[in-house]
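The exercises below concern a two-chain protein model. Each one sets a task and then works through a solution in steps.

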Amino acid sequence: MTRRTPDVAPVTWLGMPAFPANAKVQLANDRQRANLTHATRTIRAKRAAVVSEVDDWEQLRLAGAAIKDRTLRHLDTYLVEFEKKLKAAGATVHWARDAAEANQVVIDVTRAAGADEVVKVKSMATQEIELNEALEEAGIAAWETDLAELIVQLGHDSPSHILVPAIHRNRSEIREIFLTEMGRYGRAAPDDLTDDPGRLAEAARIHLREKFLRAKVAVSGANFAVAETGTLVVVESEGNGRMCLTLPETLITVVGIEKVLPTFADLEVFLKLLPRSSTGERMNPYTTMWTGAHGLDGPRDVHVVLVDNGRTNALADQFGRQVLRCIRCSACLNICPVYERVGGHAYGSVYPGPIGAVLTPQLRGHTEAIDASLPFASSLCGACFDVCPVRIEIPDLLVHLRRQVVDEHKRGGLGLERLAMGVLGEVMGNPHSLRAAQIASTLAGKLPIPGIGRKLPGPGASAWTTSRDLPMPAAETFTQWWRKRSDAPGTDEEPDR
Amino acid sequence: MSARDEILGRIRGALADVGEPDPARDVVLDWNYGQPLPMDDVIARFVQRVEDYRAEVVRADEAALPGQITAVLQRHGATAVVVPAGLPEAWRDAAGAAADVVVEQRRQPLPHDELNRIDAVVTASRVSIAETGTIVLDHAPDQGRRALSLVPDLHLCVVREGDVVSDVGEAVGLLGISVASHRPLTWISGPSATSDIELNRVEGVHGPRTLVVLLVG
Ligand code: SF4
């Protein structure tokens, strides 16, 4: 059977070379690096400007972290409540242990609706479960409708950024892709298409409009899911989300179980944190909130798929579970010096950058080389924690995961020292400057000190923030820690503190 | 075992360390919900922020509003306009003075392709936010179903000054009632836009490319 949507290479991440090898390949791509540097610099400046406007930003971050922790520590309660409210509002709720189960639900519901295609709103959860390929194998075409996702899909490419998946492409590459590919899958781009961003956006508008108008089924993710009311929230810019969430008769929303929030009022905190942290706007152009089915307004057949797919693994780690606070804003990617140099593809996961380095190994485990190498894909400079709207202690988590990987592979062995220190040094210039930078950042107090100074205020939070068991004492860089831990040659030449 | 029971079981196993059963006591939250943001002039801030998104703001009093609806539609060359059945009659007539008007009845939604041939839509709104320049629709009868304010390329949205609050927290507080009655919400901050091409903001992708806010004092 011939494919209905553009094929993608590489289809699956597992078995990919580990981060250092990927990083070397990506580093050699000068155009991508130039595109990335330009893009991350732009977005960093925008974020900084709108965050500095908010006087109580730190209180907001603390509130965001606390609301997420409250939810995660009582996740069973909130999920059961969410399910109950959804059902009362006329939605059908499905649960999926893993990617295969989630994909099967989407296939079954789509077939039951008599459809052989779906329109999609950009969603990290559906990328994570590789839904598009599962649908393709089932003879169902999945059309990405977010502009960047469209660029990626038509370019036979993979996303390299959470928020701007085509961040590695510049305007002339996008024009080429539209001219060559659009006509194969629907309405062709006009012959006189230029690389003006306005013209490119217009081409996408026309290409996708016919798909929106005829689609019977849409698939979305959700940024937030409110337990108290059964409300789902999608935050977007282009209106493709509104099209998908409104026009088709059947809507299937794939939601990671960690997306739930206790109350509708909690959205206040997250609708302030997310747009400023992600696109650097005071508010994103469009946000849709829906509560089950609503008569003749929007889809009548509303499905929600609650997906585990490794999240309960992360939840079981008392220190690691904070990774599930993540609201996928991508601020940590944009600020990361390693990400800026190697790009998203090097991480071998749909979640790139600092969040990917701590989330992926917790979702998938670290038996594969790529996953074992991810916690080492960082210089521990600490910038990611500073920008994270929900205060995920990414540097501490990296160290935590490094210890797990080391402990595991002491028995097996993956050539870890090379993996850890080799290419990161290359990425960042040379190993000596990397080490110097680490020491400098520790002395400047920027490196988070595990167990100290990062406790959430308030009596309720203290019980679990003080009980951490972390390997890295205060004021010690990874390099220093590594030398002690790994029984490597050179252990005796400890750098000065 | 069902997937549901297994996932809930995994969660309970993963959270064996959590001793306090009351979520609010287990993790204490230091946040005052629904607070206003102090500002000198809420309306001026709203206008400035909406214009920041390159949306057009037209100010009018109640008496001048119908004339402005006609004028805006004419200025944008709209020839076919859709309005929800619950829109005040005077506004509907004002639209009719500029273009052909289709009144959508709540029980008889227009087919997609018919809606797609219409230039413009006129709606009311529920609440607006000054600090972020956001307008929220809760799709009550004076706003129509969601597709109505989405498919046509020009959206004229009437905002009453009395419905403008300072910040997100106040708005969320007011919208709780709409959500409790299962109404969908659409939050609109400027015309549709994308930053997907080299992170340059381009106005106008799939949603209305032109947003005109008629601010009524
Ligand atoms: S880890 Fe924090 S900064 Fe990174 S994407 Fe998640 S929420 Fe945003």
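**Exercise 1. A helix pair in chain A**

How close do the axes of helix α2 (residues 30-52) and helix α12 (residues 267-278) of chain A come, and at what angle do they cross?

Solution. The model is a predicted one. Two packed helices are described by the angle between their axes and the distance between the axes. For α2(A) and α12(A), the axes come within 7 Å and the crossing angle is roughly 145 degrees. Next, list the residues that make the contact: α2(A) contributes Ile43(A), Arg47(A), Val50(A) and Val51(A), and α12(A) contributes Arg276(A), Ser277(A) and Ser278(A). Sorted by class, the contact has three nonpolar, two polar and two charged residues.

**Exercise 2. The sheet of chain A**

Give the strand order of the six-stranded open sheet in chain A, name its edge strands and describe one pairing within the sheet.

Solution. Step one is the order, which reads β1-β10-β7-β4-β2-β3 in chain A, with parallel pairing. Step two is the edges: β1 (92-96) and β3 (141-144) of chain A each pair on one side only. Step three is the twist, where neighbouring strands are turned by 25 degrees against each other on average, direction ignored. For the pairing, take strand β7 (residues 250-256) and strand β10 (residues 301-307) of chain A, which run parallel and are joined by seven bridges. Within this pair, Leu251(A) is opposite Val302(A) of β10(A).

**Exercise 3. The sheet of chain B**

Repeat the analysis for the six-stranded open sheet of chain B, and place helix α5 (residues 89-96) of chain B against its strands.

Solution. The order is β1-β12-β7-β4-β2-β3 in chain B, and the pairing is parallel. The edge strands are β1 (56-60) and β3 (100-104) of chain B, each pairing on one side only. From one strand to the next, the twist averages 20 degrees. Strand β4 (residues 120-123) and strand β7 (residues 154-160) of chain B pair in the parallel sense over four bridges, and Val122(B) has Leu156(B) of β7(B) as its bridge partner. Helix α5 of chain B lies across β2 (80-84), β3, β4 and β7 of that chain, at about 145 degrees to β3(B).

**Exercise 4. The interface**

Describe the interface of chain B and chain A by its residues, buried area and polar interactions.

Solution. Begin with the contacts: 83 residues of chain B touch 97 residues of chain A. The two chains bury about 7800 Å² between them, and 59% of this is on carbon and sulfur atoms. Then turn to the polar side, where there are 12 salt bridges across the interface. One salt bridge is formed by the side chains of Asp297(A) and Arg146(B), at 3.0 Å from N to O. Residue pairs in polar contact between the chains number 38, both residues being at pLDDT 80 or more.

Now assign the chain B side to its elements. Those that supply at least two residues each include α1 (3-14), α3 (42-52), α7 (168-180) and β9 (185-188) of chain B. α1(B) gives the most, with nine residues. The chain B side as a whole divides into 36 nonpolar, 24 polar and 23 charged residues.

Finally, see how elements of the two chains meet. α1(B) lies across β1 and β10 of chain A and runs at about 60 degrees to β1(A). Strand β9 (residues 286-291) of chain A and β9(B) run antiparallel and are joined by four bridges. In that pairing, Met289(A) has Leu185(B) as its bridge partner.

**Exercise 5. A long-range salt bridge**

Why does the salt bridge of Arg325(A) with Asp69(A) tie together parts that are apart in sequence?

Solution. First, the total: the structure holds 48 salt bridges over all chains. In this one, the side chains of Arg325(A) and Asp69(A) meet at 2.9 Å, N to O. Arg325(A) lies in the loop between α13 (311-316) and α14 (331-335) of chain A, while Asp69(A) lies in helix α3 (residues 57-73) of chain A, so the pair links parts 256 residues apart in sequence.

Definitions and conventions:
Residues are numbered from 1 along each chain as its sequence is written. Chains are lettered from A and ligands numbered from 1 in the order in which they are written. This is a predicted model: local features need pLDDT of at least 70, side-chain atom pairs count only at pLDDT 80 or more; totals for chains, interfaces and linings use all residues. Side-chain values use heavy atoms; hydrogens and water are left out. Contact means heavy atoms within 4.5 Å. Buried area is the accessible area (1.4 Å probe) that two parts lose on being put together, summed over both. A salt bridge is a side-chain nitrogen of Lys or Arg within 4 Å of a carboxyl oxygen of Asp or Glu. A polar contact is a pair of N or O atoms within 3.5 Å; within protein, one must be able to donate a hydrogen and the other to accept it, and residues adjacent in sequence count only if both atoms are side-chain atoms. Ala, Val, Leu, Ile, Met, Phe, Trp, Tyr, Cys and Pro count as nonpolar, Asp, Glu, Lys and Arg as charged, and the others, Gly among them, as polar. Two strands pair if DSSP finds at least two bridges between them. Axes are lines fitted to C-alpha atoms, for helices over the stretch in contact, and angles run from 0 to 180 degrees between N-to-C directions.
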